[in-house]
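Here are some exercises to work through with the coordinates open beside you. Try each task before reading its solution.

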Amino acid sequence: MKRILVYFVAVIIALWIIMPIMYTIIASFADLLDYYQHIIPRKYTFRYYEEYLRLGIGEALIRSVQAGFMTVAFSFAIGLPAGYAIGRLKFKGKDVVRMSILFFRVIPIVLMAVPLAILFIKIGLYDTLLGIALAHTAIALPFVVLITSSIFISIPRELEEAGAIFGLSSLQVFIRITLPLALPGLAAAALFAFLISWNEVVAATILSYLNRTLPASVLTPYVMGTGGELPDPYKFAAATLMIVPAFIFIAYIRRYLTVMWGAAGVK
């Protein structure tokens, strides 16, 4: 009975999550008039996706992927050393530094995006992929620092000390012992940073006009040339364009995360 109850709760939770997503995908193909006449659409069309593709949504998708990888690279270039220092080193004010990093995350992105837009216009980064990636890095960096610092804290110091006893330098200890043990968590942090960039829309909308990422392109009413509110099927198509690539990316990276967690456990 206990196992049946667990399976029942698991199925309910799965349906609670899956059903809205499935309806969103189905409704994104619904005929416009038929959608407003029936709860479950009976007529389907590719019209909305064709219009999005005609308006350059494929290029926006590529820009989103590029911005995501640039965000991961910039976040790790800054956040990995900072996370290691906070997690493994002892210095005065470490707790203050951690709280300060968390404090910057509560600042609304709009307050950051508007001054950044003015700055980027002056230095020539407005409406560029690099400018969007830098803004996304500012959003993702606190999470990367906090996650990586927690990862390095969890790694036993005895393993590093054993490596030093056997003649490894500090750099060799980090590369051959610390880094392999931290890889699963670092992969999760990278995935988290990528998804932050993938889902971000406010900064991408303010900091770009022509070279917009996928969320900024599909979630702006005037993208379809209507200048006003979009019909629901268009919104569902836009949501599907955001959901499906993210699901594919997570499904692809999940097996590597699982393998790395297992390898870390064996080590």
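The exercises below use a predicted model and go from the whole fold to single residues.

**Exercise 1. Find which secondary structure elements the protein has, and what share of its residues is buried.**

Solution. Start with the element count: the protein has twelve helices and zero strands. Reading from the N terminus, the order is therefore written α-α-α-α-α-α-α-α-α-α-α-α. Next, turn to burial: of the 267 residues, 36% are buried. Finally, look at the contacts between residues at least 6 apart in sequence: 72% of them join residues at least 24 apart.

**Exercise 2. Work out what span helix 6 should have, and compare it with the distance between its end C-alpha atoms.**

Solution. Helix 6 covers residues 109-123, which is 15 residues. At 1.5 Å a residue, the span should be 21 Å, because the expected value uses one less than the number of residues. The end C-alpha atoms lie 20 Å apart, in agreement with that expectation.

Now see which way the helix faces its surroundings. Ala-113, Ala-117 and Phe-120 are buried in helix 6. The buried residues of this helix pack against helix 7 (129-154) and helix 10 (202-206). After helix 6 comes Gly-124, with a positive phi near 85°.

**Exercise 3. Asp-127 deserves a look at its backbone: find the sign of its phi, and decide whether the residue is buried or exposed.**

Solution. First, place the residue: Asp-127 sits in the loop between helix 6 and helix 7. Its phi is positive, about 60°, although Asp-127 is not a glycine. For background, most residues other than glycine have a negative phi. Then check accessibility: the relative value for Asp-127 is 14%, so the residue counts as buried, the cut-off being under 20%.

**Exercise 4. Describe how helix 8 packs on helix 9, and how helix 5 packs on helix 7.**

Solution. Two packed helices are described by the angle between their axes and the distance between the axes. Take helix 8 (residues 157-165) and helix 9 (residues 170-199): their axes come within 10 Å and cross at roughly 160°. The two are therefore roughly antiparallel, and their crossing is right-handed. Helix 8 contributes Leu-159, Glu-160, Gly-163 and Ala-164 to the contact, while helix 9 contributes Val-173, Ile-177, Thr-178 and Leu-181. Sorted by class, that gives five nonpolar, two polar and one charged residues.

Repeat the steps for helix 5 (residues 94-105) and helix 7: the angle is about 145° and the axes are 8 Å apart. This crossing is left-handed. From helix 5, Arg-98, Ile-101, Leu-102 and Arg-105 take part; among their partners in helix 7 are Ile-139, Pro-142, Phe-143 and Leu-146. The class count for this contact is eight nonpolar, two polar and two charged residues.

**Exercise 5. For Arg-63 and Ser-64, find the burial of each residue and its contacts beyond four places in sequence.**

Solution. Arg-63 lies in helix 4, and Ser-64 is also placed in helix 4 (residues 57-88). Arg-63 is buried because its relative accessible area is 15%. Ser-64, at 3% relative accessibility, counts as buried too.

Now list the contacts. Arg-63 touches Leu-129, Leu-210, Asn-211, Arg-212 and Thr-213. Ser-64 is in contact with Trp-198, Thr-213, Leu-214 and Pro-215. Thr-213 therefore appears in both lists, with contact taken as heavy atoms within 4.5 Å. As a last step, compare sequence and space: Arg-63 and Ile-132 are 69 residues apart in sequence, and their C-alpha atoms are 9.8 Å apart.

Note on methods. Residues numbered from 1 in each chain as written. Predicted model: local features only at pLDDT ≥ 70, side-chain atom pairs only at ≥ 80, totals over all residues. Heavy atoms only, no water. Helix = DSSP H or I, 4+ residues; strand = E, 2+ residues; numbered from the N terminus. Buried < 20%, exposed > 50% of the residue type's maximum accessible area, 1.4 Å probe, protein only. Axes fitted to C-alpha atoms, helices over the stretch in contact; angles between N-to-C directions. Parallel < 35°, antiparallel > 145°, perpendicular 65-115°, else oblique. Left-handed = near helix turned anticlockwise from the far one by under 90°. Nonpolar A, V, L, I, M, F, W, Y, C, P; charged D, E, K, R; others polar.
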